[in-house]
Amino acid sequence: MRGKSITLKFRRTAAAAVAVVIAFSFGVSAEAGFENFIPSYEYSGFSDVPSGEWYYEYVREVTELGIIEGRTPDKFAPDANLRLSEAVKLAACLHSLYATGELPDPSVSTGTGAENDSESDYGEVLWYSPYVVYAIGNGILDEPYDDFEAYATRLEFAHIFANALPPEALAQTSDVPDGTIPDVPADSEYAADIYALYRAGILDGVDDYGHYVPGRTIVRREVAAVVARMANPALRIEVALTPVPTDEELVAAETAKLAAILTALRADSGLTPYEIVPVLNEIAQFKASDMAETNELSKYSPNFGATKNLLPEFGIDGELNQQIGFKNSAREMADAWLANDSNKALMLFPDGYYGSVGFGAARGADGVIFFTVVYFRGEITAPEE
(Lines give C-alpha, C1' and ligand atoms only; values in the text may rest on other atoms or scores of the structure.)
Protein backbone atom coordinates (compact mmCIF):
# COMPACT_ATOMS: atom_id res chain seq x y z
CA MET A 1 0.00 0.00 0.00
CA ARG A 2 1.34 3.42 -0.87
CA GLY A 3 2.45 5.83 1.85
CA LYS A 4 -0.16 8.34 2.91
CA SER A 5 0.55 11.98 3.77
CA ILE A 6 -1.89 13.52 6.25
CA THR A 7 -2.01 17.10 7.50
CA LEU A 8 -3.58 17.55 10.93
CA LYS A 9 -3.85 20.16 13.65
CA PHE A 10 -2.94 19.07 17.15
CA ARG A 11 -3.61 21.04 20.32
CA ARG A 12 -1.50 20.70 23.40
CA THR A 13 -4.18 22.72 25.18
CA ALA A 14 -7.24 24.50 23.86
CA ALA A 15 -5.14 27.65 23.45
CA ALA A 16 -1.97 26.31 21.85
CA ALA A 17 -2.23 24.74 18.41
CA VAL A 18 0.47 23.36 16.18
CA ALA A 19 0.15 21.93 12.67
CA VAL A 20 1.99 18.78 11.83
CA VAL A 21 2.48 17.04 8.50
CA ILE A 22 3.43 13.46 9.06
CA ALA A 23 4.38 10.98 6.38
CA PHE A 24 3.13 7.60 7.45
CA SER A 25 3.39 4.38 5.53
CA PHE A 26 0.72 1.77 6.24
CA GLY A 27 2.29 -1.51 5.25
CA VAL A 28 1.24 -5.12 5.83
CA SER A 29 3.89 -7.61 6.84
CA ALA A 30 1.74 -10.48 8.10
CA GLU A 31 -1.74 -11.92 7.80
CA ALA A 32 -4.24 -10.28 10.08
CA GLY A 33 -5.34 -12.22 13.12
CA PHE A 34 -5.05 -12.86 16.85
CA GLU A 35 -2.00 -15.04 16.25
CA ASN A 36 -0.08 -11.79 15.79
CA PHE A 37 -0.40 -11.05 19.50
CA ILE A 38 2.70 -12.84 20.74
CA PRO A 39 4.06 -12.34 24.27
CA SER A 40 7.53 -10.92 23.73
CA TYR A 41 8.38 -9.39 27.09
CA GLU A 42 9.08 -10.92 30.48
CA TYR A 43 6.73 -9.88 33.24
CA SER A 44 8.71 -8.98 36.34
CA GLY A 45 5.72 -7.68 38.28
CA PHE A 46 4.72 -4.33 39.78
CA SER A 47 4.71 -3.51 43.46
CA ASP A 48 1.26 -1.91 43.16
CA VAL A 49 -0.36 -4.89 41.38
CA PRO A 50 -0.74 -7.67 44.00
CA SER A 51 -1.26 -11.17 42.65
CA GLY A 52 -4.64 -11.42 44.37
CA GLU A 53 -6.20 -8.44 42.58
CA TRP A 54 -8.81 -9.11 39.90
CA TYR A 55 -6.80 -7.19 37.31
CA TYR A 56 -3.44 -8.95 37.94
CA GLU A 57 -3.67 -11.37 35.00
CA TYR A 58 -4.79 -8.59 32.66
CA VAL A 59 -1.83 -6.39 33.62
CA ARG A 60 0.50 -9.34 33.13
CA GLU A 61 -0.99 -10.09 29.71
CA VAL A 62 -0.69 -6.56 28.30
CA THR A 63 2.80 -6.16 29.76
CA GLU A 64 4.03 -9.38 28.16
CA LEU A 65 2.55 -8.27 24.84
CA GLY A 66 4.37 -4.96 25.14
CA ILE A 67 1.20 -2.93 24.62
CA ILE A 68 1.07 -1.23 28.03
CA GLU A 69 4.09 -0.37 30.15
CA GLY A 70 4.34 0.62 33.77
CA ARG A 71 4.54 4.26 34.74
CA THR A 72 7.90 3.31 36.25
CA PRO A 73 9.78 -0.03 36.21
CA ASP A 74 8.20 -0.85 39.58
CA LYS A 75 4.82 0.93 39.40
CA PHE A 76 1.90 0.24 37.07
CA ALA A 77 -0.36 2.93 38.62
CA PRO A 78 -3.60 0.92 38.36
CA ASP A 79 -5.72 3.78 39.74
CA ALA A 80 -4.34 6.46 37.42
CA ASN A 81 -6.66 7.97 34.82
CA LEU A 82 -5.97 7.40 31.12
CA ARG A 83 -5.43 10.37 28.81
CA LEU A 84 -6.90 10.56 25.31
CA SER A 85 -3.41 10.52 23.85
CA GLU A 86 -2.69 7.24 25.65
CA ALA A 87 -6.02 5.75 24.56
CA VAL A 88 -5.29 6.54 20.91
CA LYS A 89 -1.80 5.05 21.16
CA LEU A 90 -3.14 1.81 22.69
CA ALA A 91 -5.87 1.51 20.06
CA ALA A 92 -3.33 2.11 17.29
CA CYS A 93 -1.07 -0.58 18.77
CA LEU A 94 -3.93 -3.09 18.94
CA HIS A 95 -4.94 -2.35 15.35
CA SER A 96 -1.41 -2.54 13.98
CA LEU A 97 -0.50 -5.73 15.84
CA TYR A 98 -3.68 -7.44 14.69
CA ALA A 99 -3.21 -6.31 11.08
CA THR A 100 0.55 -6.67 10.65
CA GLY A 101 2.09 -8.28 13.70
CA GLU A 102 4.08 -5.11 14.34
CA LEU A 103 3.60 -1.99 16.43
CA PRO A 104 3.08 1.33 14.60
CA ASP A 105 6.23 3.19 13.53
CA PRO A 106 6.52 6.15 15.91
CA SER A 107 8.88 8.08 13.61
CA VAL A 108 7.50 11.40 12.37
CA SER A 109 8.53 14.23 10.07
CA THR A 110 7.26 17.78 10.07
CA GLY A 111 7.53 17.71 6.29
CA THR A 112 8.26 21.44 6.08
CA GLY A 113 11.52 21.30 4.18
CA ALA A 114 13.28 23.23 6.94
CA GLU A 115 16.91 22.40 7.51
CA ASN A 116 16.16 21.65 11.15
CA ASP A 117 12.77 20.23 12.13
CA SER A 118 12.99 21.97 15.49
CA GLU A 119 12.90 25.29 13.62
CA SER A 120 9.74 24.40 11.74
CA ASP A 121 7.02 27.00 11.46
CA TYR A 122 4.68 24.26 12.64
CA GLY A 123 6.21 23.99 16.11
CA GLU A 124 7.11 20.79 17.93
CA VAL A 125 5.83 17.38 16.92
CA LEU A 126 4.09 15.80 19.92
CA TRP A 127 4.87 12.26 21.05
CA TYR A 128 1.41 10.98 20.20
CA SER A 129 1.21 12.60 16.74
CA PRO A 130 2.09 9.46 14.73
CA TYR A 131 -0.49 7.41 16.62
CA VAL A 132 -3.21 9.98 15.91
CA VAL A 133 -2.27 9.95 12.22
CA TYR A 134 -2.37 6.16 12.23
CA ALA A 135 -5.73 6.15 14.03
CA ILE A 136 -7.33 8.56 11.58
CA GLY A 137 -5.80 6.82 8.58
CA ASN A 138 -7.21 3.49 9.72
CA GLY A 139 -10.68 4.58 10.80
CA ILE A 140 -10.11 4.43 14.56
CA LEU A 141 -10.72 8.17 14.87
CA ASP A 142 -12.88 10.37 12.68
CA GLU A 143 -10.97 13.55 13.53
CA PRO A 144 -8.51 14.81 16.15
CA TYR A 145 -9.67 15.77 19.62
CA ASP A 146 -9.18 19.36 20.73
CA ASP A 147 -7.06 18.33 23.70
CA PHE A 148 -5.32 14.98 23.68
CA GLU A 149 -3.90 15.62 27.14
CA ALA A 150 -7.40 15.54 28.63
CA TYR A 151 -8.47 12.45 30.53
CA ALA A 152 -10.53 10.06 28.43
CA THR A 153 -14.11 9.48 29.46
CA ARG A 154 -15.44 5.95 29.34
CA LEU A 155 -17.65 7.06 26.45
CA GLU A 156 -14.69 8.32 24.40
CA PHE A 157 -12.68 5.23 25.32
CA ALA A 158 -15.39 2.86 24.06
CA HIS A 159 -15.69 4.76 20.78
CA ILE A 160 -11.95 4.58 20.18
CA PHE A 161 -11.55 0.92 21.09
CA ALA A 162 -14.62 -0.35 19.26
CA ASN A 163 -12.82 0.71 16.09
CA ALA A 164 -9.41 -0.69 17.05
CA LEU A 165 -10.24 -4.16 15.70
CA PRO A 166 -12.34 -5.17 12.68
CA PRO A 167 -15.90 -6.41 13.23
CA GLU A 168 -14.90 -10.05 12.73
CA ALA A 169 -12.53 -9.73 15.71
CA LEU A 170 -15.43 -8.59 17.92
CA ALA A 171 -17.63 -11.63 17.49
CA GLN A 172 -20.70 -11.64 19.71
CA THR A 173 -20.41 -13.97 22.70
CA SER A 174 -23.12 -12.49 24.93
CA ASP A 175 -26.73 -11.51 24.40
CA VAL A 176 -27.04 -7.83 25.31
CA PRO A 177 -30.10 -6.41 23.51
CA ASP A 178 -30.27 -2.73 22.69
CA GLY A 179 -31.53 -0.67 25.60
CA THR A 180 -30.57 -3.16 28.33
CA ILE A 181 -27.49 -1.29 29.56
CA PRO A 182 -29.21 0.93 32.16
CA ASP A 183 -27.33 4.16 31.50
CA VAL A 184 -26.75 3.72 27.75
CA PRO A 185 -29.96 4.31 25.77
CA ALA A 186 -29.83 2.60 22.40
CA ASP A 187 -30.03 5.94 20.57
CA SER A 188 -27.37 7.73 22.63
CA GLU A 189 -23.97 8.86 21.36
CA TYR A 190 -21.61 5.94 20.63
CA ALA A 191 -24.17 3.47 21.98
CA ALA A 192 -23.41 1.09 19.09
CA ASP A 193 -19.74 1.01 20.12
CA ILE A 194 -20.52 0.30 23.76
CA TYR A 195 -23.02 -2.44 22.94
CA ALA A 196 -20.57 -4.05 20.50
CA LEU A 197 -17.92 -4.31 23.24
CA TYR A 198 -20.44 -5.69 25.76
CA ARG A 199 -21.62 -8.31 23.26
CA ALA A 200 -18.03 -9.30 22.52
CA GLY A 201 -17.35 -9.92 26.21
CA ILE A 202 -14.86 -7.06 26.46
CA LEU A 203 -16.88 -4.63 28.60
CA ASP A 204 -19.27 -5.61 31.39
CA GLY A 205 -19.98 -2.41 33.31
CA VAL A 206 -19.28 -1.41 36.89
CA ASP A 207 -21.96 -3.49 38.66
CA ASP A 208 -24.20 -6.54 38.22
CA TYR A 209 -26.75 -4.41 36.39
CA GLY A 210 -24.24 -3.39 33.73
CA HIS A 211 -24.12 0.36 34.35
CA TYR A 212 -21.36 1.72 32.13
CA VAL A 213 -21.09 5.25 33.62
CA PRO A 214 -20.09 6.76 30.25
CA GLY A 215 -19.20 10.19 31.63
CA ARG A 216 -16.68 8.89 34.17
CA THR A 217 -12.95 8.71 33.49
CA ILE A 218 -11.34 5.31 33.03
CA VAL A 219 -8.37 4.06 35.04
CA ARG A 220 -5.42 1.94 33.99
CA ARG A 221 -6.53 -1.28 35.69
CA GLU A 222 -9.79 -1.12 33.71
CA VAL A 223 -7.87 -0.31 30.54
CA ALA A 224 -5.60 -3.31 31.07
CA ALA A 225 -8.65 -5.60 31.26
CA VAL A 226 -10.11 -4.21 28.03
CA VAL A 227 -6.85 -4.38 26.09
CA ALA A 228 -6.12 -7.92 27.29
CA ARG A 229 -9.59 -9.13 26.33
CA MET A 230 -9.30 -7.53 22.91
CA ALA A 231 -5.92 -9.13 22.22
CA ASN A 232 -6.75 -12.54 23.69
CA PRO A 233 -10.29 -13.87 23.07
CA ALA A 234 -9.70 -16.56 25.71
CA LEU A 235 -9.88 -13.81 28.33
CA ARG A 236 -13.22 -12.50 27.17
CA ILE A 237 -16.15 -12.92 29.50
CA GLU A 238 -19.80 -13.86 29.27
CA VAL A 239 -21.89 -10.80 30.02
CA ALA A 240 -25.22 -11.49 31.71
CA LEU A 241 -26.87 -8.35 33.01
CA THR A 242 -29.16 -8.50 36.03
CA PRO A 243 -32.34 -6.44 35.53
CA VAL A 244 -32.25 -3.25 37.58
CA PRO A 245 -34.57 -3.67 40.56
CA THR A 246 -37.30 -1.20 41.35
CA ASP A 247 -36.72 1.26 44.16
CA GLU A 248 -39.12 -0.73 46.35
CA GLU A 249 -37.03 -3.84 45.74
CA LEU A 250 -33.82 -1.96 46.51
CA VAL A 251 -35.20 -0.66 49.81
CA ALA A 252 -36.52 -4.09 50.72
CA ALA A 253 -33.07 -5.53 50.05
CA GLU A 254 -31.50 -2.92 52.35
CA THR A 255 -34.02 -3.80 55.04
CA ALA A 256 -33.04 -7.47 54.79
CA LYS A 257 -29.34 -6.50 54.88
CA LEU A 258 -29.87 -4.51 58.08
CA ALA A 259 -31.60 -7.47 59.71
CA ALA A 260 -28.75 -9.76 58.66
CA ILE A 261 -26.07 -7.35 59.92
CA LEU A 262 -27.65 -6.90 63.34
CA THR A 263 -28.41 -10.61 63.67
CA ALA A 264 -24.76 -11.43 62.91
CA LEU A 265 -23.69 -8.82 65.47
CA ARG A 266 -25.66 -10.58 68.21
CA ALA A 267 -24.23 -13.94 67.22
CA ASP A 268 -20.68 -12.55 67.28
CA SER A 269 -21.41 -11.21 70.78
CA GLY A 270 -22.54 -14.63 72.00
CA LEU A 271 -26.22 -13.63 72.24
CA THR A 272 -29.26 -15.46 70.91
CA PRO A 273 -30.48 -14.37 67.47
CA TYR A 274 -33.38 -11.99 67.01
CA GLU A 275 -36.83 -13.48 66.65
CA ILE A 276 -38.14 -11.45 63.71
CA VAL A 277 -41.95 -11.34 63.75
CA PRO A 278 -43.97 -10.32 60.65
CA VAL A 279 -46.40 -8.08 62.57
CA LEU A 280 -43.48 -6.19 64.08
CA ASN A 281 -42.03 -5.79 60.59
CA GLU A 282 -45.34 -4.18 59.63
CA ILE A 283 -45.13 -1.72 62.54
CA ALA A 284 -41.49 -0.89 61.76
CA GLN A 285 -42.36 -0.40 58.09
CA PHE A 286 -45.32 1.82 59.01
CA LYS A 287 -43.04 4.00 61.14
CA ALA A 288 -40.30 4.17 58.47
CA SER A 289 -42.81 5.07 55.76
CA ASP A 290 -44.29 7.79 57.95
CA MET A 291 -40.84 9.38 58.43
CA ALA A 292 -40.11 9.10 54.70
CA GLU A 293 -43.40 10.80 53.88
CA THR A 294 -42.69 13.73 56.21
CA ASN A 295 -38.96 13.53 55.33
CA GLU A 296 -38.19 14.02 59.02
CA LEU A 297 -36.43 11.83 61.53
CA SER A 298 -38.50 11.86 64.72
CA LYS A 299 -39.60 9.51 67.48
CA TYR A 300 -43.04 11.07 67.31
CA SER A 301 -45.25 11.15 64.24
CA PRO A 302 -47.59 14.06 63.41
CA ASN A 303 -50.05 11.37 62.32
CA PHE A 304 -50.08 8.91 65.23
CA GLY A 305 -47.72 10.27 67.90
CA ALA A 306 -45.51 7.70 69.60
CA THR A 307 -44.96 4.42 67.76
CA LYS A 308 -46.37 2.51 70.76
CA ASN A 309 -49.75 4.02 69.93
CA LEU A 310 -49.89 1.63 66.96
CA LEU A 311 -49.81 -1.47 69.16
CA PRO A 312 -53.56 -1.88 69.78
CA GLU A 313 -54.30 -1.58 66.08
CA PHE A 314 -51.97 -4.51 65.45
CA GLY A 315 -53.32 -6.61 68.33
CA ILE A 316 -50.29 -6.14 70.54
CA ASP A 317 -50.03 -5.39 74.23
CA GLY A 318 -46.64 -4.87 75.81
CA GLU A 319 -43.49 -2.74 75.94
CA LEU A 320 -42.08 -1.29 72.71
CA ASN A 321 -38.76 0.37 72.04
CA GLN A 322 -37.50 1.64 68.72
CA GLN A 323 -34.35 2.54 66.89
CA ILE A 324 -34.53 5.01 63.99
CA GLY A 325 -32.13 6.71 61.62
CA PHE A 326 -31.49 7.60 58.00
CA LYS A 327 -28.54 6.69 55.79
CA ASN A 328 -27.83 5.65 52.21
CA SER A 329 -27.45 1.97 53.03
CA ALA A 330 -27.96 -0.65 55.71
CA ARG A 331 -24.22 -0.91 56.27
CA GLU A 332 -23.92 2.83 56.91
CA MET A 333 -26.90 2.72 59.27
CA ALA A 334 -25.52 -0.19 61.28
CA ASP A 335 -22.10 1.47 61.55
CA ALA A 336 -23.68 4.72 62.77
CA TRP A 337 -25.72 2.92 65.43
CA LEU A 338 -22.71 0.94 66.56
CA ALA A 339 -20.79 4.19 67.08
CA ASN A 340 -23.40 5.28 69.64
CA ASP A 341 -23.27 3.54 73.04
CA SER A 342 -27.01 3.67 73.73
CA ASN A 343 -27.91 2.38 70.26
CA LYS A 344 -25.32 -0.40 70.54
CA ALA A 345 -26.68 -1.42 73.93
CA LEU A 346 -30.22 -1.60 72.50
CA MET A 347 -29.10 -3.82 69.62
CA LEU A 348 -27.25 -6.06 72.07
CA PHE A 349 -30.05 -6.28 74.64
CA PRO A 350 -29.62 -9.14 77.15
CA ASP A 351 -31.09 -12.49 76.24
CA GLY A 352 -34.69 -12.77 77.36
CA TYR A 353 -35.42 -9.05 77.69
CA TYR A 354 -37.06 -8.32 74.34
CA GLY A 355 -38.86 -11.30 72.93
CA SER A 356 -39.00 -10.24 69.28
CA VAL A 357 -38.11 -7.50 66.80
CA GLY A 358 -39.20 -6.04 63.46
CA PHE A 359 -37.42 -4.15 60.67
CA GLY A 360 -38.63 -1.53 58.21
CA ALA A 361 -37.22 1.01 55.73
CA ALA A 362 -38.49 3.60 53.26
CA ARG A 363 -36.83 6.14 50.96
CA GLY A 364 -37.27 9.83 51.69
CA ALA A 365 -37.67 12.72 49.28
CA ASP A 366 -33.94 13.45 49.16
CA GLY A 367 -33.00 9.86 48.39
CA VAL A 368 -31.84 8.68 51.81
CA ILE A 369 -33.40 5.64 53.44
CA PHE A 370 -35.21 5.93 56.77
CA PHE A 371 -34.63 2.80 58.86
CA THR A 372 -36.65 1.58 61.83
CA VAL A 373 -36.11 -1.35 64.18
CA VAL A 374 -38.76 -2.04 66.83
CA TYR A 375 -38.03 -4.15 69.91
CA PHE A 376 -41.01 -5.74 71.66
CA ARG A 377 -41.58 -7.30 75.05
CA GLY A 378 -45.00 -8.72 75.69
CA GLU A 379 -47.76 -10.78 74.13
CA ILE A 380 -48.60 -10.82 70.47
CA THR A 381 -52.12 -11.87 69.56
CA ALA A 382 -53.95 -11.87 66.26
CA PRO A 383 -56.08 -8.76 65.74
CA GLU A 384 -59.83 -9.21 65.91
CA GLU A 385 -61.66 -9.53 62.61
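This briefing describes the fold, one enclosed helix, the salt bridges and the internal cavity of a protein chain. The structure is a predicted model. The protein chain holds ten helices and seven strands, and 45% of its 385 residues are buried.

**Overall build**

- The accessible surface of the protein chain is about 19300 Å², and carbon and sulfur atoms account for 49% of that area.
- Among contacts in the protein chain with a separation of 6 or more, 71% are between residues 24 or more positions apart.

**Helix α1**

- Helix α1 covers residues 56–65, and eight of its ten residues are buried, so the helix is largely enclosed by the rest of the structure.
- The buried residues in α1 are Y56, Y58, V59, E61, V62, T63, E64 and L65.
- Part of the cover over the buried residues of α1 comes from α6 (220–231).
- G66 follows just after α1 and takes a positive phi of about 80°.

**Salt bridges**

- Side chains of opposite charge can pair when their charged atoms come close.
- The count for this model is ten salt bridges.
- One of them joins R71 and E86, whose closest N and O atoms are 3.3 Å apart. This pair links distant parts of the chain, with R71 in the loop between α1 and α2 (84–100) and E86 in helix α2, 15 residues apart. R71 is partly exposed, with a relative accessible area of 41%.
- Another salt bridge forms between the side chains of R199 and D178, at 2.5 Å from N to O. R199 belongs to helix α5 (residues 191–199) and D178 to the loop between α4 (154–162) and α5, so the pair ties together parts that are 21 residues apart in sequence. D178 is exposed, because its relative accessible area of 52% is over the 50% cut-off.
- R363 and D247 also meet through their side chains in a salt bridge, again with an N to O distance of 2.5 Å. The pair links distant parts of the chain: R363 is in strand β6 (residues 356–363) and D247 is in helix α7 (residues 247–268), 116 residues apart. R363 is partly exposed at a relative accessible area of 30%, and D247 also counts as partly exposed, at 32% relative accessibility.
- R154, R216 and E222 are joined into one network by salt bridges that share partners.

**Internal cavity**

- Rolling a probe the size of a water molecule over the atoms shows where empty space is left.
- The model has one cavity of 30 Å³ or more, and the largest cavity has a volume of about 30 Å³.
- The lining of the largest cavity consists of K287, D290, M291, T294, E296, S298, Y300, S301 and P302.
- Both α8 (278–294) and β3 (300–301) supply at least two residues each to the lining of the largest cavity. Helix α8 gives the most, with four residues.
- By character, the residues lining the largest cavity divide into three nonpolar, three polar and three charged.

Conventions
Residues numbered from 1 in each chain as written. Predicted model: local features only at pLDDT ≥ 70, side-chain atom pairs only at ≥ 80, totals over all residues. Heavy atoms only, no water. Buried < 20%, exposed > 50% of the residue type's maximum accessible area, 1.4 Å probe, protein only. Contact = heavy atoms within 4.5 Å. Areas by Shrake-Rupley, 256 points an atom, 1.4 Å probe, with all protein chains shown as cover. Salt bridge = Lys/Arg side-chain N within 4 Å of Asp/Glu carboxyl O. 1 Å grid on protein atoms, 1.4 Å probe; cavity = no way out; pocket = protein on both sides within 12 Å on 5 of 7 lines; lining within 4 Å. Points joined across faces, edges and corners; volume = space filled by probe spheres on them. Nonpolar A, V, L, I, M, F, W, Y, C, P; charged D, E, K, R; others polar.
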